[in-house]
Structures are given as C-alpha cells and as structure tokens.
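Please examine the sequence and the three-dimensional structure shown here. The explanation after them is intended for a reader new to this structure.

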Amino acid sequence: MKAKIEELVAEIQQFTTQSEKEIEEFRIRFLGSKGLLKQLFGEFKTVEPAQKKEIGQALNDLRSKASSKVEELKEALSADSTESKKYGDLTRPGLPVELGARHPISIVKNRIVDVFSKIGFTVSEGPEIEDDWHNFTALNLPEYHPARDMQDTFFIEKNPDTLLRTHTSSVQIRYMESHKPPIRTISPGRVFRNEDISARAHCIFHQIEGLYIDTDVSFADLKQTLLYFTKEMFGKSKIRLRPSYFPFTEPSAEVDIYWGLETETDYKITKGTGWLEIMGCGMVDPNVLKNTKIDPEKYTGYAFGMGIERIAMLLYQIPDIRMFYENDIRFLEQFKSVI
Ligand code: PHE
C-alpha cells in the first residue's frame, strides 16, 4: 500500500494541464466519491495496526496534495483567461473621457417640451419636405393667397408642389388629420425660409408650435397657458398680446413678455421698451378645423408658434443667429454645464 501511495504522489506531482476538462477528470479520479482516495481509505481498515500511523499520514498527505493540485491548476487557468490577461493592468489610470455638450437649440427645445409636457401636451413630428396642402392650403392659405408671401418658400418641385416646410404648422395639420379631439400637442422641428442670412435671420431655423383643440376652448385658456409658459421658461409673469394676423388663426396675436429694463443688455435687446416679442398665437380658424374634418360647431382650439433660436438667443444672450450653425467648439463648449 505504501508503494502504491508513493506512486500516486509522483503522479500528482507530474500532472499538469491547461484544460478545464482534464482538471475535472483528475479531481474525480482522486477525490471523487468513488475516487482513489475513497478506495484507499477503505483499504486502510486492513492495514496492520503497527503501520496504521504511517500509512494514515501518507494517505492524508496524498489527499491534500491532490486537492492542492486541483486548486493550483484551476487558478492558473483562470488567471490566464481573466480580464488582466486580456486588457493588461486593470489598475492603471484610465484615459480621460471627453464630455460633449448639448447644442443650445436642443437644450432650449427640451426645456420647452418639458414645460408643456407638464400640462399634458404630447410631442409630434412630421416631414421636413412637405406638400402644398399641409404647409399652406389646409392652413387656410389657398393658392394665390397674398399671405403666402409672408413665408418665402424653397420649392423643390412644381405641380404638384413639394417644398421645404416653412413652419411646423404643417405637423399640426397632419396631427389633426390623424387624431380626434381632445388634442394637445407640440411640434418641434426644423423649418426653411428663403431669407437673406444675417445676425438676426437664417434660412434654416427651428420652431416649436403648440395646438390645443377641445370643446369650449377659449382665448382665456390660451392666455393662461402662455402665462404659465413664460413663468416657467423665463421666470417672467407679465405678458401682453398685440393683435396680429395669421391666416390659420382668428383672432391672432403677437405675444410680448415684459423683460425689464434693469441692465444695459435689457435696454439693448428690448430696444429701450422693456418688452420682447416671443411668439405668435391665436384661435384656430374654423376653416382649418373643417379642412381636417374636425367639426367647428363642436370644437374650438388655440395654436401658438415660436422660433427656438430666438428664445435661445434671449436666454443665453447670443448676439448672432449664425453662431448656432457654425459648430465652433469654443461656442458649443460653453453649454457643457447646461443639461
Ligand atoms: N406658423 C406661424 C409662423 O411660422 C406661427 C404661428 C403658429 C402663429 C400658430 C400663430 C399660431 O410664423
């Protein structure tokens, strides 16, 4: 029995492998419930009393050698395949992560969306390439209507007309065509107008327009919503509505907020009046409701629309609209801290 144990000790010492399967086979052969050690301990009963001590020690030694071997091989195997082998020293300092900044137009758009989501408006979007119906005709601007000139249009094709949308009111038409009142939606998006580029105007800009249609919607509801918006957005709670004209709303108004005249910039941006125009609005013209198969006898609604660049210029005191589109890192980086 002694010789057998020695033989096995030698075998254990020599054994080496990198295969998980072979380690497991080795473990079962020596240490398994029907393994060699089990057998040998069974035979131990027959060992002569004088030899019991020596053989007993040898058996215990054999068992611990076998199990250390299994541990050792397993460890070597896992060290091999661990992350450290794959990636090198995992405790070394990492590479710095460059943080980007959200574009100011996105920041302002998200803020406006948040303000209106709180009072139940959903966000709707539509195509930038539009047809005449959604951009003009359905909005109570039939062919040859003089108000079409208010928005210099980029046409893509004539007859039938395809064009770049001049406002996101087109999205509202699409929304009214596919949804029944009550409707509460805001439509942010990029719009296009054939205008000369200057510090104040660009041929591509962004709008966000709102639409609310239900029974008994009144001008008072519109005014209250605008007041809520200007408070949340600018922290200003004084507004005034000046009569205006849009073909798709009747009556129509221009919304001014009282910005104040505290600083020199206030003087500059409000041209010394303290008032700032921020958007157009009005009660949806019954013709627009009819065009989208909503009964104007039963439903009324209001709509409003504003330029996102204009709001961003006010909030961040940006002097030139062209800065939004130049992608100058020095400009964009200034918005890193704004979420
Ligand atoms: N669509 C108008 C524009 O682009 C804005 C507006 C929307 C005005 C809704 C009134 C109501 O100028």
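The following paragraphs treat the surroundings of the ligand and then the nonpolar cores.

The model is predicted. In it, 14 residues surround the ligand, and those that come nearest are His167, Ser169, Arg193, Gln207 and Glu209. By class, this shell divides into 5 nonpolar, 7 polar and 2 charged residues. Three strands each supply at least two residues of the shell: S6 (204-214), S9 (275-284) and S10 (300-307). Of the elements, S10 gives the most, with 3 residues.

Several side chains place polar atoms beside the ligand. Ser169 has a polar side-chain atom 3.0 Å from a ligand nitrogen atom. In the side chain of Arg193, an N or O atom is 2.8 Å from an oxygen atom of the ligand, and a polar side-chain atom of Gln207 likewise lies 2.8 Å from a ligand oxygen atom. The ligand taken alone exposes 330 Å², of which the protein buries 92%.

The largest nonpolar core comprises 40 residues, and Phe229, Ile278, Phe304 and Met306 have the most contacts inside it. Among the elements that each supply at least two residues of this core are helix H6 (104-117), helix H9 (219-234), strand S8 (249-258), S9 and S10. The most come from H6, which gives 7 residues.

Met306 offers a closer view of the contacts. Leaving aside neighbours within four places in sequence, Met306 is in contact with residues including Ile112, Phe116, Phe229, Ile278 and Ile311, and also with Gln207. Apart from the largest core lies another, of 20 residues, among them Ile173, Ile183, Val284 and Ile294.

Notes. Residues are numbered from 1 along each chain as its sequence is written. This is a predicted model: local features need pLDDT of at least 70, side-chain atom pairs count only at pLDDT 80 or more; totals for chains, interfaces and linings use all residues. Side-chain values use heavy atoms; hydrogens and water are left out. A residue is near a molecule or strand if one of its heavy atoms lies within 4 Å of it. A polar contact is a pair of N or O atoms within 3.5 Å; within protein, one must be able to donate a hydrogen and the other to accept it, and residues adjacent in sequence count only if both atoms are side-chain atoms. Accessible areas come from the Shrake-Rupley method with a 1.4 Å probe; for residues, only the protein chains shown count as cover. Helices (H or I, at least four residues) and strands (E, at least two) are DSSP runs, numbered from the N terminus. Ala, Val, Leu, Ile, Met, Phe, Trp, Tyr, Cys and Pro count as nonpolar, Asp, Glu, Lys and Arg as charged, and the others, Gly among them, as polar. A nonpolar core is a set of buried Ala, Val, Leu, Ile, Met, Phe, Trp, Tyr and Cys residues joined through side-chain atoms within 4.5 Å. Buried means under 20% relative accessible area, exposed over 50%, partly exposed in between (1.4 Å probe, protein chains only). Contact means heavy atoms within 4.5 Å.
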